[in-house]
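I opened these entries to record what I looked up about a sheet and the helices that lie across it. The notes follow the order of my queries.

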Amino acid sequence: MANTISGGIVVVLLFGSIACQTIAESGSEVNVKLPGNTTVETSVADTVVAQLDSLTVVPIAQSENPAITDLEKAIRAAGLVEVQELESAIYCNLKYSTTDNFLGEDVYGDFDKCFLQPEAAAGLAVAQAHLEKKHPGWHLSIFDAVRPRRVQQQMWDLVDYPIQEKVRYVSNPKNGSLHNYGAAVDITIVTETGEELDMGTPFDYFGELAYPRKETALLAAGLLSQEVIENRRLLREVMYHGGFTVLPTEWWHFNFCSRAEAAQRYTIIE
Ligand SMILES: [Zn+2]
């Protein structure tokens, strides 16, 4: 099947074997499938992943548009695609391009678009389709997608804590993170009236309340509501359909593959 996108790329999906999507342990990041998410139909997920394997993206020459920043040019040259060119129903709400983030600083400047590796972007389109099937009019909404390493370095420098503390807030730019490869996304769900679902904490809340792996205990202790748990399960369910796995300590962060796989297939956006 072929899908032509007006924004300047052509995406071709073919069937093949499993792509960059393995539940694996890599460095300090552990991808897990959590209890309570068994509603994912394996056959559907397998088909999706199979479809993604042979995806090729052919960039069409960019016009000399002054709105395209040098950073965006470099990201496109590395083969990443803008998620909204692939699926316009997905919102792009880059928090680091505003001052509404834990740093209180706009570290992205003019860059305000959501780019991912083509397979990951196609996976998100699949996740959006699954969300719409369950809740017509609802949208995935991205807080962060590709994050160039120089920005990660800037964030690292802005967090004024000893190194052991720092790693709780930002991953060490020296190691490279899946955001640096464009293979991870921070995301939530917005309803048809434009409201974000209640996930129990804001984006980038650093504490146990944000830990998917502690949800059962947090629910039992009355610290998270049943509604919050169900909202997070819905987010995970739709993201699993697209081939993503959640980070056990951040309800909003999803990896498309392990760091080892990303290092093999992709290059870091500096
Ligand atoms: Zn993240």
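Before listing bridge partners, I note the criterion for pairing: two strands pair if DSSP finds at least two bridges between them. The model I consulted is predicted.

**Entry 1: the sheet.** I looked up the strand order first. The sheet is open, has 5 strands with mixed pairing, and reads β7-β9-β10-β12-β11. I then asked which strands stand at the edges. They are β7 (91–92) and β11 (245–247); each has a single partner strand, so one side of each is left without a neighbour in the sheet.

**Entry 2: β12 and its partners.** I turned to strand β12, residues 250–255. It is joined to β10 by 3 bridges, and the two strands run antiparallel. Within this pairing, I found Ala184 bridged to Asn255 of β12. Strand β11 is likewise joined to β12 by 3 bridges, again antiparallel. Here I recorded two partners: Val246 is bridged to Phe254, and Leu247 to Glu250. I also checked the connection between β11 and β12, which form a hairpin with 2 residues between them. As for burial, β12 is mostly covered, with 5 of its 6 residues buried.

**Entry 3: helix α4.** I next examined α4, residues 118–134. The helix lies across β9 (139–144) and β10 (184–190) and runs at about 140 degrees to β9. I tested its length against expectation: at 1.5 Å a residue, its 17 residues should span 24 Å, and the end C-alpha atoms are 25 Å apart, which agrees. I then asked how many residues of α4 are buried. The count is 13 of 17, and I therefore entered the helix as mostly covered, a residue being buried if 20 or more other C-beta atoms lie within 10 Å of its own.

**Entry 4: helix α9.** I repeated these queries for α9, residues 226–241. This helix lies across β10, β11 and β12, at about 125 degrees to β10. Its 16 residues should span 22 Å at 1.5 Å a residue; I found the end C-alpha atoms 23 Å apart, which agrees. Its buried residues are Val228, Asn231, Arg232, Leu235, Arg236, Val238, Met239, Tyr240 and His241. Lastly, I looked at what comes after the helix: α9 is followed by Gly243, whose phi is positive, near 95 degrees.

**Entry 5: recapitulation.** I note that β10 recurs in my queries: α4 lies across it, α9 lies across it, and β12 is joined to it by 3 bridges.

How values were computed
Residues numbered from 1 in each chain as written. Predicted model: local features only at pLDDT ≥ 70, side-chain atom pairs only at ≥ 80, totals over all residues. Helix = DSSP H or I, 4+ residues; strand = E, 2+ residues; numbered from the N terminus. Expected span 1.5 Å × (residues − 1). Buried ≥ 20, exposed ≤ 12 C-beta atoms within 10 Å, placed from the backbone. Contact = placed C-beta atoms within 7 Å. Axes fitted to C-alpha atoms, helices over the stretch in contact; angles between N-to-C directions.
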